Amino acid sequence: MADVTIKVRDNGPYIVSGDVELVDAEGNRFETKPKFSLCRCGLSENKPFCDGSHKENFESRVRAR
């Protein structure tokens, strides 16, 4: 299996890189690219993917401890 990385962007989406299968709660698969962004603000019109709606409307800074 290829390496997978998920990066948390300050005030932005999760950036997913690698060979990943994205499946919803009902088992439906989403078509993905080798690198894609997942919404975490809830404002995207293209959920679960980020469409940039978070800009200036979302503030969250998550840091690993």
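This is a short dialogue on reading the features of one predicted protein model.

Q: What should I know about this model before I start?
A: The model is predicted: local features need pLDDT of at least 70, side-chain atom pairs count only at pLDDT 80 or more, and totals for chains, interfaces and linings use all residues. Residues are numbered from 1 along each chain as its sequence is written, and side-chain values use heavy atoms, with hydrogens and water left out.

Q: How many helices and strands does the protein have?
A: Helices (H or I, at least four residues) and strands (E, at least two) are DSSP runs, numbered from the N terminus. Here there are zero helices and five strands. Along the sequence the pattern reads β-β-β-β-β. The C-alpha trace spans about 35 × 30 × 20 Å along its principal axes.

Q: Which strands does β2 pair with?
A: Two strands pair if DSSP finds at least two bridges between them. Strand β1 (residues 5–8) pairs with strand β2 (residues 14–17) in the antiparallel sense, over four bridges. Ile 6 has Val 16 in β2 as its bridge partner. β2 also runs antiparallel to β5, and four bridges join them. Ser 17 stands opposite Lys 35 in β5. Ile 15 has Ser 37 in β5 as its bridge partner.

Q: What lies between β1 and β2?
A: These two strands form a hairpin with five residues between them. Asn 11 is in that loop. Now look at its backbone. Most residues other than glycine have a negative phi, and most peptide bonds are trans. Phi of Asn 11 is near 55°, a positive value in a residue other than glycine.

Q: Where else is there a positive phi?
A: Look at Glu 56. Its phi is positive, about 65°, although Glu 56 is not a glycine. Glu 56 is found in the segment after β5.

Q: Which peptide bond is cis?
A: The bond from Lys 47 to Pro 48 is cis, with omega near 10°. Pro 48 lies in the segment after β5. The C-alpha atoms of Pro 48 and Leu 22 are separated by 9.6 Å, and these residues are 26 apart along the chain.

Q: How much of the protein is buried?
A: Buried means under 20% relative accessible area, exposed over 50%, and partly exposed in between (1.4 Å probe, protein chains only). Of the 65 residues, 22% count as buried. Pro 48 is partly exposed, with a relative accessible area of 23%. Glu 56 is exposed, at 85%. β5 has two faces: Phe 36 and Leu 38 make the covered one, while Lys 35 and Ser 37 make the uncovered one.

Q: How many aromatic pairs are there?
A: Rings of Phe, Tyr and Trp (its six-membered ring) pair if their centres lie within 6.5 Å; planes under 30 degrees apart count as stacked, over 60 as edge-to-face and the rest as tilted. A search of the whole structure finds two such pairs. Phe 30 and Phe 49 form an edge-to-face pair, 5.8 Å centre to centre, with 85° between the planes. Phe 30 lies in strand β4 (residues 29–30) and Phe 49 in the segment after β5 (35–38), so this pair ties together parts 19 residues apart in sequence. Phe 36 and Phe 49 also form an edge-to-face pair, 5.9 Å centre to centre, with 75° between the planes. Phe 36 lies in strand β5 and Phe 49 in the segment after it, so the pair ties together parts 13 residues apart in sequence.

Q: What do the ring pairs build, and are the rings buried or exposed?
A: Ring pairs link Phe 30, Phe 36 and Phe 49 into a cluster. Both Phe 36 and Phe 49 are buried. Phe 30 is partly exposed, with a relative accessible area of 30%.

Q: What sits over the ring of Tyr 14?
A: A charge sits over a ring if NZ of Lys or CZ of Arg is within 6 Å of the ring centre and within 35 degrees of the ring normal. Here the charged end of Arg 40 sits over the Tyr 14 ring, 5.6 Å from its centre.

Q: Which side chains meet in a salt bridge?
A: Side chains of opposite charge can pair when their charged atoms come close. A salt bridge is a side-chain nitrogen of Lys or Arg within 4 Å of a carboxyl oxygen of Asp or Glu. The structure holds one. Arg 29 and Glu 21 meet in it, at 2.4 Å, N to O. Both residues are exposed.
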